[in-house]
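Here is a walk through one structure, going from its rings to its strands, helices and charged pairs. Have the viewer open as you read.

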Amino acid sequence: KTISILIPAYNEEPVLDKLFTRLANLANDTKDYNFEFLFVNDGSKDKTLDIIKDYAEKDPRVSYINLSR
């Protein structure tokens, strides 16, 4: 069983670490389900996309879509 969590993001640099920590803790504590986290970057002008890319490199549960407009 897999739970997919879709996370829209626009200039979320200040809160991404806290959000990801909470999501990872939830996924790690829930043993009966697999999780996947899909971030959708909606043209952020800060480092949101760089942070999401870093998560995706380190955690196979993370993927992302980068919208250009």
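Five rings come together in one aromatic cluster in this predicted model: Phe-20, Phe-35, Phe-37, Phe-39 and Tyr-55. The count of aromatic pairs comes to four. Two of them share Phe-20, and they look like this.

| Pair | Centre to centre | Angle between planes | Type |
|---|---|---|---|
| Phe-20 and Phe-37 | 6.4 Å | 80 degrees | edge-to-face |
| Phe-20 and Tyr-55 | 4.3 Å | 15 degrees | stacked |

As usual, a pair of aromatic rings is described by the distance of the centres and the angle of the planes. Phe-20 sits in helix H1 and Phe-37 in strand E2, so their pair links parts that are 17 residues apart in sequence. The stacked pair reaches from helix H1, where Phe-20 lies, to Tyr-55 in helix H2, so it ties together parts 35 residues apart in sequence.

Are Phe-20 and Phe-37 buried or exposed? Both are buried. For Phe-20 the relative accessible area is 14%, which is why it counts as buried, the cut-off being under 20%. Tyr-55 has a relative accessible area of 8%, so it is buried too.

Now for the strands that carry some of these rings. Strand E1 (2-9) pairs with E2 in the parallel sense, over eight bridges. One spot to look at is Ile-3, which stands opposite Phe-35 in E2, and Phe-35 is one of the members of the aromatic cluster. On top of the pairing, E1, H1 and E2 make up a right-handed β-α-β unit.

The pattern goes on further along the chain. Strand E2 (residues 34-42) also runs parallel to strand E3 (residues 62-67), and six bridges join the two. Among the partners there, Val-40 is matched with Ile-65 in E3. With helix H2 (residues 48-58) in between, E2 and E3 form a β-α-β unit that is right-handed.

Which residues of H2 are buried? They are Thr-48, Leu-49, Ile-51, Ile-52 and Tyr-55. These residues span an arc of only 160 degrees around the axis, so they are on the same side of H2. The cover over them includes strand E1, helix H1 (16-29), E2 and E3. On the face of H2 turned away from that buried side you find the exposed residues Glu-57 and Lys-58.

Two asparagines are worth a click. Asn-41 is part of strand E2. With a relative accessible area of 2%, it counts as buried. Leaving out residues up to four places away in sequence, Asn-41 touches Ala-9, Thr-48, Leu-49, Ile-52, Ile-65, Asn-66 and Leu-67. Thr-48, Leu-49 and Ile-52 are also among the buried residues of H2, and Ile-65 is the bridge partner of Val-40.

Asn-11 is the other one. Where is Asn-11 placed? You'll find it in the loop between E1 and H1. Its phi is positive, about 55 degrees, although Asn-11 is not a glycine. The relative accessibility of Asn-11 is 29%, so it counts as partly exposed.

That leaves the charges. Side chains of opposite charge can pair when their charged atoms come close. How many salt bridges does the model have? The count comes to two.

One salt bridge joins the side chains of Lys-58 and Asp-54, at 3.1 Å from N to O. Both residues belong to helix H2 and are four residues apart, about one turn of the helix. Lys-58 is exposed, at 64% relative accessibility, while Asp-54 is partly exposed at 30%.

The other salt bridge is between the side chains of Asp-59 and Arg-61, with 2.8 Å from N to O. Here Asp-59 is buried, with a relative accessible area of 10%, whereas Arg-61 is partly exposed at 22%. The cut-off for buried is under 20%, which is why Asp-59 falls inside it and Arg-61 does not.

Technical notes
Residues are numbered from 1 along each chain as its sequence is written. This is a predicted model: local features need pLDDT of at least 70, side-chain atom pairs count only at pLDDT 80 or more; totals for chains, interfaces and linings use all residues. Side-chain values use heavy atoms; hydrogens and water are left out. Two strands pair if DSSP finds at least two bridges between them. A crossover is right-handed if, with the strands pointing away from the viewer, the path from the first strand over the helix to the second runs clockwise. A salt bridge is a side-chain nitrogen of Lys or Arg within 4 Å of a carboxyl oxygen of Asp or Glu. Buried means under 20% relative accessible area, exposed over 50%, partly exposed in between (1.4 Å probe, protein chains only). The arc is that of the directions from the helix axis to the C-beta atoms. Contact means heavy atoms within 4.5 Å. Rings of Phe, Tyr and Trp (its six-membered ring) pair if their centres lie within 6.5 Å; planes under 30 degrees apart count as stacked, over 60 as edge-to-face and the rest as tilted.
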